[in-house]
Amino acid sequence: MDRAFRALIERTFGDLLTGPVRQRHDETEMRIRPGDVPQVMRTLHDDPRLRFEYLSDLAGVDTGTVFQVVYHLFSVVTPDWLRVVADGIPRDQPRIPSITFLWKGAEWMEREAYDMFGLVFEGNRDMRRIYMPDDYVSFPLRKDFHLPDDASRSPGGGVRPMEDATTPADAAAATSRRTATAR
Amino acid sequence: MTSSTRPSLDDPALTIPLEHAGIFEPIPLARTERQQEFYGLKDGEMLLNMGPQHPSTHGVLRVVLKINGEQVVDLDPVLGYLHRGVEKIAENSDFHHIISQLDPLEYVSSLFCEWSPVMSFEKLLDVQVPRRAEYIRVLTGELNRIASHMLFLGWYALDLGGITPILWSFAERDEIVEMLAAITGAKLLFNYFRIGGVNGDLNHEFMSRLGDWMSRAGAQLDAGMGLLNENEIFVRRARGLGVLDRETALRMCATGPNLRASGVPFDIRRAHPYSVYPELEFDIPTRREGDSLARYLLRMDEVRQSLRIIDQCLHQMPDGPVMARLPRLLRPRPGRAYSAVEGPRGQYSCYAMSDGTDQPFRLRIHDPSFLHLQLVGLLMPGNLIADTMAIMASLDPVMGGVDK
């Protein structure tokens with residue numbers, strides 16, 4: 001844990017942070033609003049005190065109530081991984097600015113998050129499905145995704161109508177997961 | 001002939017019906033900006049489909065090439081043929097079961113697919129891994145790295161039209177695979193790492209095979225590499241092909257050998273040390289050229305460094321247990337953990353969220369091949385069709401990892 005780095009993050013971003021900067025093991029976590037992502041990322045990337053040149057990962061998360069987009073960054077100025085959580089993306093309007101203007105390589109990771117969660121990254125010039133077929137209608141990694149129901153609606157889902165008869169009546173309940181306990 | 005008498009291409013009488021032109025499927029509707037750019041054909045351009053059963057796409061990959069004569073103008077990889085939804089599977093299986101589900105991601109270096117999730121679960125649980133287990137992880141991991149680079153050497157030569165090197169490199173790879181089979185019981189999907197250690201200590205067969213192999217490995221690997229390193233046809237073909245510069249590599253999130261061949265000395269084993277790597281002595285080879293030849297040579301340099309690491313592991317390995325004491329049912333406290341390891345292809349990382357139950361709330365697997373395949377679209381334009389596979393193979397993606 002790099003305490004000096006935490007102070008630097010708090011000093012640099014101040015009001016942009018929506019929660020305390022947390023540290024555990026070799027990770028530093030900061031939370032921001034989704035609308036502030038371009039500004040925060042540009043500062044992290046360009047500021048000579050921060051120099052976060054490496055985008056390690058971009059992940060979508062469904063907490064059951066809202067969506068999050070989680071970025072992991074690496075810099076030579078600190079031994080910690082920096083985790084930036086863009087928190088509180090509403091389910092009915094899952095939109096967030098893209099970061100492809102800084103890291104063009106994020107394009108496919110954002111496409112993947114779109115494919116799996118339905119998150120729309122504004123500014124990504126190729127916002128289409130990447131793994132699932134184009135005519136697929138649902139978003140598999142959402143917590144309210146029940147496999148038997150949704151897959152049968154898609155001709156690309158690989159489930160034939162005949163197979164529905166063999167599905168147990170309580171299949172939806174059995175495949176659904178508990179939600180909204182992880183923060 | 002005046003322009004008024006010239007037949008118009010839009011004249012319905014002159015257009016060929018689709019079924020006669022050999023086109024049975026309509027070209028997909030252009031929806032995104034990128035699709036409009038790609039599927040809008042200019043004069044003299046045509047689309048060519050490659051795969052998904054092409055012999056050298058390293059798995060099941062389909063690429064749509066936009067070509068002008070023999071020259072590739074642009075390309076659009078189509079993924080998803082091997083997609084299993086492993087992240088969804090992980091959300092519905094408990095922490096021990098997940099490890100076996102992650103093996104088939106990058107089947108040629110499966111120990112690294114296990115390593116980063118296991119590390120992140122250990123962070124969630126605050127487990128201290130015994131030092132002997134850490135040494136065994138590094139030892140088997142470096143063996144797996146050599147096996148993976150040997151496969152790369154053979155396949156890369158095969159993609160460029162040389163058949164002999166794969167026979168030589170597979171002799172070495174087989175030897176390593178037999179060694180690992182002696183302790184893990186499997187030749188491809190090892191399923192060896194456990195949360196808190198490894199599954200079983202090193203045994204006599206492994207040690208005798210390893211000692212035997214180490215005494216001649218250096219000379220034999222050099223002989224295998226010599227087939228290509230000094231081959232004029234190979235060197236002239238690979239030099240200057242698919243040049244990736246430093247800024248582009250960083251912007252495209254490239255990692256591993258592909259990044260280091262472009263002059264960035266970024267290796268997670270040194271940049272963000274994990275396991276027992278701080279105690280071991282090795283160099284980070286770097287090259288400046290950024291072309292296919294540099295990427296090939298850099299991997300061969302890494303093989304020599306891996307041999308050094310294995311040698312040190314054998315001398316420094318302490319005695320002791322290989323598993324931490326843990327309950328059978330794991331229920332980490334709610335939290336988040338991220339961990340990354342340096343694999344043969346680059347950064348394998350894993351982001352795990354726990355909600356206090358015995359299954360992860362979310363498990364995100366990050367695979368280097370996914371991002372390196374994205375690079376192909378950047379490096380290809382302007383090259384010949386025959387170079388598509390030459391460039392793609394030099395980036396060394398594995399489709400199992402790309403599609404997850």
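1. The sheet in chain B. In this predicted model, chain B has an open sheet of three strands in the order β6-β7-β8, paired in the antiparallel sense. Strands β6 and β8 of chain B form the edges, each pairing on one side only. From one strand to the next, the twist averages 10 degrees.

2. How the strands are joined. Eight bridges link β6(B), residues 335-342, to β7(B), residues 347-354, and this pairing is antiparallel. Within it, R336(B) stands opposite M353(B) of β7(B). On the other pairing, β7(B) and β8(B) also run antiparallel, with six bridges between them. There S354(B) stands opposite P360(B) in β8(B).

3. The hairpin. Strands β6(B) and β7(B) make a hairpin, and four residues lie between them. One residue in the turn, G346(B), has a positive phi of about 140 degrees.

4. Burial of β6(B). Is this edge strand mostly covered or mostly open? It is mostly covered: eight of the eight residues of β6(B) are buried. In a regular strand, side chains alternate between the two faces of the sheet. For β6(B), one side carries G335(B), A337(B), S339(B) and V341(B), and the other carries R336(B), Y338(B), A340(B) and E342(B). Both faces are covered, since the residues on each side are all buried. Note that R336(B), the partner of M353(B) in point 2, is among the buried residues.

5. The helix across the sheet. Helix α4(B), residues 110-125, lies across β6 and β7 of chain B. The helix runs at about 145 degrees to β6(B).

6. The contact between the chains. Chain B puts 40 residues into the contact and chain A puts in 35. On the side of chain B that touches chain A, the elements giving two or more residues are α1 (33-39), α2 (86-91), α9 (246-251), β6, β7, β8 (360-366) and α13 (368-379) of chain B. The three strands of the sheet in point 1 are therefore part of that list. Strand β7(B) gives the most, with five residues. By type, this side of chain B divides into 15 nonpolar, 13 polar and twelve charged residues.

7. A buried loop residue. L79(B) sits in the loop between β3 (71-78) and α2 of chain B. Why does L79(B) count as buried? It has 24 C-beta neighbours inside 10 Å, and the cut-off for a buried residue is 20 or more. Leaving aside neighbours within four places in sequence, L79(B) is in contact with I130(A) and Y131(A) of chain A, and with V402(B) and D403(B) of chain B. L79(B) and L378(B) are 299 residues apart along the chain, and their C-alpha atoms are separated by 17 Å.

8. Chain A as a whole. Chain A has five helices and seven strands. Along the sequence they follow the pattern α-β-β-α-β-β-β-β-α-β-α-α. Of its 183 residues, 36% count as buried. Among contacts in chain A between residues at least 6 apart in sequence, 47% join residues at least 24 apart.

9. One helix of chain A. Which residues of α2(A), residues 37-46, are buried? They are V40(A), M41(A) and L44(A). These residues lie on the same side of α2(A), because they cover an arc of only 95 degrees around the axis. The elements that cover them include α1 (3-13), β2 (27-32), β4 (67-74) and β5 (81-89) of chain A.

Technical notes: Residues numbered from 1 in each chain as written. Chains lettered and ligands numbered in written order. Predicted model: local features only at pLDDT ≥ 70, side-chain atom pairs only at ≥ 80, totals over all residues. Buried ≥ 20, exposed ≤ 12 C-beta atoms within 10 Å, placed from the backbone. Pairing = 2+ DSSP bridges. Contact = placed C-beta atoms within 7 Å. Nonpolar A, V, L, I, M, F, W, Y, C, P; charged D, E, K, R; others polar. Axes fitted to C-alpha atoms, helices over the stretch in contact; angles between N-to-C directions. Arc of directions from axis to C-beta.
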